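Thanks for coming, everyone. Please have the viewer open, and let's walk through this one together.

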Amino acid sequence: MKYIILLFLTCLSLCLSQALLAQTASSDPPAEAALVPSEPPAPPSNVRVSDLANDDGHGIRVTWDLSPDDGAGRSSVISYDIYRTLNPNDPDSLWKKVGTVVLGVRTYADRGEREPGSGSYLPKHTNLYYRVYAVGAGVRSAVATAGPAQATDDWFNTMKVPELIFCLVFLVLTVRFINMAKKGIDLYVRPLAGIEAIDEAIGRATEMGKPILYVLGIGTAGDIATIASFTVLGRVARKVAEYQTSMIVPCCDPVVMTIAQETVKTGYADAGRPDAYKEDSVYYVTSQQFPFVAAVNGTILREKPATNIYLGYFAAESLLLAETGVLAGSIQIAGTDQVSQLPFFVVACDYTLLGEELYAASAYLGREPLLLGTLKAQDYLKAIVLVCMVALLALRMITGADVISKPFDAPWW
Amino acid sequence: MTFHDKLLALDRRWVFLVLAIFVILPILPFVKFSVPVTPVKEVREIYDFIEGLKPGDYILLSLDYDPGSMAELHPVAYAMLEQCYAKKLKVITLTLSATGAQMVEEIVRDVADSCKIYHGFKPERGIDYVYLGYKPYPGIIILGMGMNFRIPFPQDYYGTTLDSIPMMRGIKNYDNVKAVINLSAGNVSDMWVADGNARYGVKLALAMTGVMAADYYPYYQSKQVFGIIGGMKGAAEYEKLCKNPGSATDAMKAQVFAHVVIIIFIIIGNLAYFLGRRKTAQTQESE
Amino acid sequence: MTSKIAMRILTAIVALIFLVSWITRSGSGMSDSAFTNVRDGFLITFAVFLTLSIFSFLYRDNPFYKFAESLYVGISAGYWMSYGFWSTIVGNFVPRASRSLSEFFHVPYQERADHILIYIPIIFGLILLTRLLPKIGWLSRWSLAFIIGATAGLNLTRYLRSDFISQVSNSFIPLFVDWKGAGDFVSHISLAADGQFIAILSNWVIFVGVMCGLVYFFFSKEHKGAFGVASRIGIWILMITFGASFGYTVMGRISLLVGRITFLFGDWLNIL
Amino acid sequence: MKQQIPLVLVFVFGVLLAIQYFVPSEPSQRFYEVALDGLTVIGIFAMVLGIWSQIHVGYNKIKRRAEDWQYSVVTLVSMFGMAFCGLSFMGGLNGPIFRQLYNNIFIPIQAAIFSLLAFYIASASYRAFRARSAVSTVLLVAALLLMLRVIPTGPLADPINQIGSWMLMVPNMAAKRAILIGVGLGSVATALKIVLGIERSYLGKD
């Protein structure tokens, strides 16, 4: 019985609304006015404006207290409209609508553009006035005005305090360990199989009289993995020059090629054999992933290098290169920070440098105190992370408080 | 040379041959069987999100894969784009893959055409969708779009300035779109997460090749992305959700055969290895 | 000598097969224009030839593969040159650099207060080109220094949030989900994927896995004793992950092959 | 001069861009945009160097009649042919010939090369997945479980699927986090080494 009444009522209201809509369509006055049988909602109160924090000086934050009809009272508020102008005495038509937010929201960030020509330009250091209306079905409340406020630049983004603390701690640790290293204090690092293999591999190439293939990956010079690979390349080139063997470095990006040429040349010069460097040994193939792989695969099968070294940024080509290398009978050493490609290198190559080991490789090969210093700093930060994790979790278990569930998310500072 | 020695030293070209045969067989028309598909949560979430949008909402599809990954990502692109058009969403498309520019243009046009057949209306360029084209250095582009779409893309793919495209008026940056869906076969997804989500708080979902998907689950768990469609399986699931079965559903058949072949090869390899090891142990004992 | 003759015969046979294919495809074309049919027939036949040439690499390196490879590299480089020119130079750079150039390429000129700044990178770019001149080639290092310096600066801070802070932050997970005492836990134990036991187990695995993984990446300490055990657990977790990712990937790779086979059997031979 | 100025440039740009991340003010944003622009623009000029290198290597091979020199001719001709078809009067990027070449040469080869991976993943599985040690057994079992997920295994399908998903979600997350935290540290360390001039092999020596 209950349902039948409900159904009846629903049908009735549907019919009524249909009739109402039809009436609106037939009558001439603007649709907005005609649609509305309801009273306007009460306006929002206590509108405040202030400079938007952590921005480039072209933003204002507008805040207000909700209209009494927002979710309570008559519940007639649907949204809030925010308007802005330069002169508070402007007629309504000159106020520019800058945004709309749905009911229940008490704040709006008005972010403008920097260029005066553009439509949403918001001038800096200028008095701005704001209006906020509560909007109901086709009606809006009386106005609530606030201002002036000026947009200003901020010189520090307070949301980035964790990053700053991290950087400073890292810098301090690095400097400290570099100083220790300079004083001659021995900094122990455990052996890494993949890196020791590089030395052996160069020796093997010398014995076999075959070249070493060094692939820097398909990243650009903008990828930090590529940069890490350059630092290893310099040292490999130096050893190659010392052992008087040859190397091939195909590149997938012209900038990478240029830097690689300079790096290899330096390596040869460091070994005291600058004349042995051949410009054509470091060459550019093409900037696209698969053409690059096709060419390198061809090179692997034709030159049959004794050793293939793949260090840098890799994507799907990891397995294509590594399996072709197996076929050519080369010893293969790979390393990348791309977690998705590590499985293929691990399966198909003889040695794989996992993630961070790639970045550590140059320090290992060079054994220079300055480089070992940064390695130690990394380790200390890892230790700090470990200790913090255990301590905070223990604290949480004991107190049962949830305050540390996201230690870096809330701006608690 | 004993049997297992031969097996251990098996020329890998035999592996290639057997695999090729067993992938071709199920595709041939006279082999008939079907595979059941049940969509997983992370795929369903993307579908539900798009279904929950209102007509006229903006959504950005970044189709950052190249022709090499067509097989896995095309089905998602087609199903999803058709879903967006059918929901009358305003769709902004672009690509951050150098070799994808023309391909994506074709997808966008194709789906608009097929929409006319299946849904009775044709979405119009500039009003219902816009294709921005390709620009190199994806990380920089993603950062640029966070400030204003016009910084990296002063014009769309066809050379029309953004301000003279009706649907782009007043659309400034990520704040104006409900979500970004990134279809990718490379590191562009990383940049969307690092530059788009972390720097600008973009609501992000990813569709990617099977190989990549596993590595992006941490971002799913940490709520940095709200859904993941992984590989052919995910694509088949999305097709199923959209009730739009296509190439992904078909291809699942060959998958089953190929997997069986590979597993059998792994088992044979291990058997040979253990037989060989026992043999060596025995010979050592007898010596 | 015999291998050379064999190669020639093989080439002739391959050429013949594809010629036949071209002719049959041209004959069965859909279009009214004979020229279009002949052209489309050729294009698809050539695409098939290239596809099979690439597959022949599986057997061994051969002239067909070498040809396809060289063609591919060349086309790619040409494509990239054109795209770089139209997209980056004409699309991004010209509209900011000069009004007359913009008019020449029919792109709208962008008036900007700071458009003069675009010339600073141009100077660096020109300096880079000094590499081609042996005498002052060393100048190009200034540009390299700019690139490397800028990249390093960007990377120093850019990935901290997503790679480090978010990851560390997200590792703070409750190790006893919905804990209401040991008795309650034991009485409700089940293997349901969304059950309490699995939730607790998962969080422990994540927590211990991250810890042990970090221990594995320690460079300063030899992996011995308790430290060695932890790093061993770390490597196990890594290996489970790698194995799982590998196994999961097989599907993606097979689907690529399926795509090509559909092309060969469907688009070319028309038997699908 | 040859050594000092580049080091100063690296330091200045490195430090400025690192600091820029923390500074939201307008000059800082403008500087950031210019730097990003700069990297793109220099990339364009570097293109010239890349093309030069390609021509140089190819030309040398042809001149010396080195082994397989004919293929260098193919590369150079197709490169210039493609670039020519992309010229303005040929219709630019949307020119009919440019598109045909792209669709009928580039795409098929690309897809074919990518699909070689299907074969390689099979041969790699056969060769490498042997239970030689505890660690390699773990690798093998995990891979097998995930492969079994695809196969309809009847009553076993559900548990296999569950365990597979669990492995992709849970241990995978732990491993990825551990690696990412390390990578985050490593990349900061590498960037720092570059900015401070500790690592300078790319700057040449003379």
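Start with chain A, where strand S3 (residues 79-85) and strand S6 (residues 128-135) run antiparallel, joined by 7 bridges. Strands here are DSSP runs of E with at least two residues, helices are runs of H or I with at least four, and both are numbered from the N terminus. Two strands count as paired when DSSP finds at least two bridges between them. Within this pair, Tyr83(A) sits opposite Arg131(A) of S6(A). Is S3(A) mostly covered or not? Mostly covered: 5 of its 7 residues are buried, where buried means 20 or more other C-beta atoms within 10 Å of the residue's own, exposed means 12 or fewer, partly exposed is in between, and C-beta atoms are placed from the backbone.

A word on what you're looking at: this is a predicted model, with local features needing pLDDT of at least 70 and side-chain atom pairs pLDDT 80 or more, while totals for chains, interfaces and linings use all residues. Residues count from 1 along each chain as its sequence is written, and chains are lettered from A and ligands numbered from 1 in the order written.

Now swing over to chain B. Its open sheet has 6 strands in the order S3-S2-S1-S4-S5-S6, with parallel pairing. At the edges are S3 (129-134) and S6 (228-230) of chain B, each pairing on one side only. Inside that sheet, S4 (residues 180-184) and S5 (residues 204-208) of chain B share 5 bridges in the parallel sense, and Asn182(B) faces Leu206(B) in S5(B). Helix H7 (residues 188-200) of chain B packs on the sheet, touching S1, S4 and S5 of chain B, at about 155° to S4(B). Contact means C-beta atoms, placed from the backbone, within 7 Å. Angles run from 0 to 180 degrees between N-to-C directions, with axes fitted to C-alpha atoms, for helices over the stretch in contact.

Next, how do chains B and C meet? The axes of helix H2 (residues 12-27) of chain B and helix H10 (residues 225-268) of chain C come within 10 Å and cross at roughly 60°. That makes H2(B) oblique to H10(C), because angles under 35 degrees count as roughly parallel, over 145 as roughly antiparallel, 65 to 115 as roughly perpendicular and the rest as oblique. Val23(B), Ile24(B) and Ile27(B) meet residues of H10(C) including Leu257(C) and Phe265(C).

Last stop: 50 residues of chain A contact 39 of chain C. Which helix gives the most to chain A's side? H11(A), with 10 residues.

Terms used. Contact = placed C-beta atoms within 7 Å.
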